[in-house]
Structure formats: C-alpha cells, structure tokens
Amino acid sequence: QVQLVESGGGLVQAGASLRLSCAASGRSFSGYRMGWYRQAPGKEREFVAAISWSTGSTYYADSVKGRFTISRDNAKNTVYLQMHSLKPEDTAVYYCGAGPIFTTTIATQPGTYIYWGKGTLVTVSS
C-alpha cells in the first residue's frame, strides 16, 4: 500500500524556520510528482510547492517563493519542505501528495495527486 507520512510541524514564532518531511513508501515514485498543499481553518486547500521525483523540476506558489524550498532525497524516499521567514498567514495543516506525471497534468492542480498523507500542523505566532 502506498503511504505518505508527514512530520516536522509545530508551533513557532514569526520569522522562524521549520522543515517538513514526507516519508513515502509502497511503490516506486519514478514518473511521479510530489506536492505540498496546505489548508488553514475555514479556508480551501491551496497549492504550496511541487517537485518531479525523477527530474527535480520544481514549482512554487507566489506566496512562498523565496522563502520555501522543496527537495527530495531519493535514497531515503523522502520529500522535504524547508520553510524560512515564516509568517502567521503560513499557519495551516500541510499535506503531502503524490501523482503520476502526464503531458496534460498540472502540478498546481490538486486533482493531479492521487495519494495523500494525513497532514502535519504548522502554527506561526506573531
């Protein structure tokens, strides 16, 4: 069974850094992209960042460009989201997703991702 397990969330002050991890298992993820999404209370899920497992090509939401970095460690089968200069508006549950790459799929669309983790909570206080 495919499993995605997020970790690394917590409570931090504005301006702090945090690294989230997504441990992936159950299949080879070559030909897949991995994405991070977040959902704040009362708001819809929004795209944060994505990476192609094989090529390393990355995509970022405008709101996190220059502050967040997505990466993967193939040997550890893990995807990371390194977050710097955290803001209160970054507070949300962060989810890891995985989906196959096709010519017509779009990294920023949640329908691209067919596997999801249960999320890890990031809270940023002012």
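How many disulfides does the structure hold? In this predicted model, the count comes to one. The bond runs between Cys22 and Cys96, with the sulfurs 2.1 Å apart. Its S-S torsion is about -80°, so the disulfide comes out left-handed. Since Cys22 belongs to strand S3 and Cys96 to strand S9, the link ties together parts that sit 74 residues apart in sequence. Solvent doesn't get a look-in at either end: Cys22 has a relative accessible area of 0% and is buried, and Cys96 is likewise buried at 0%.

Strand S3 also turns up in an open sheet of four strands, ordered S1-S3-S8-S7 and paired antiparallel. S1 (3-7) and S7 form the edges, each pairing on one side only. From one strand to the next, the twist averages 15°. Strands S3 and S8 run antiparallel and are joined by six bridges. Arg19 stands opposite Gln82 of S8.

Next comes the nonpolar core. In soluble globular proteins, nonpolar side chains tend to be buried together. Here the largest nonpolar core has 33 residues, and the members touching the most others are Met34, Trp36, Leu81, Met83 and Tyr94. Several strands each put in at least two residues, among them S3 (18-25), S4 (32-39), S8 (78-83) and S9 (92-100). The top contributor is S5, which gives five residues.

As for the aromatics, a search of the whole structure turns up seven pairs. In one of these, Phe29 and Tyr32 meet edge-to-face, with 5.7 Å between centres and 85° between planes. Phe29 counts as buried because its relative accessibility is 1%, under the 20% cut-off. Tyr32, at 6%, counts as buried too. Phe29 has a second partner in Trp53: the ring centres are again 5.7 Å apart, but the planes meet at 45°, so this pair is tilted. Phe29 lies in the loop between S3 and S4, while Trp53 lies in the loop between S5 and S6 (58-60), so the contact ties together parts 24 residues apart in sequence. Both Phe29 and Trp53 are buried. Add Tyr115 to Phe29, Tyr32 and Trp53, and the four form one aromatic cluster.

Finally, Arg45 has dealings with two rings. Its charged end sits over the ring of Trp116, 4.5 Å from the centre. Arg45 also lies over the face of Tyr37, at 5.6 Å from that ring's centre.

How values were computed
Residues numbered from 1 in each chain as written. Predicted model: local features only at pLDDT ≥ 70, side-chain atom pairs only at ≥ 80, totals over all residues. Heavy atoms only, no water. Core = buried A, V, L, I, M, F, W, Y, C linked by side-chain atoms within 4.5 Å. Buried < 20%, exposed > 50% of the residue type's maximum accessible area, 1.4 Å probe, protein only. Pairing = 2+ DSSP bridges. Axes fitted to C-alpha atoms, helices over the stretch in contact; angles between N-to-C directions. Disulfide = S-S within 2.5 Å. Phe/Tyr/Trp six-rings, centres within 6.5 Å; stacked < 30°, edge-to-face > 60°. Lys NZ or Arg CZ within 6 Å of the ring centre and 35° of its normal.
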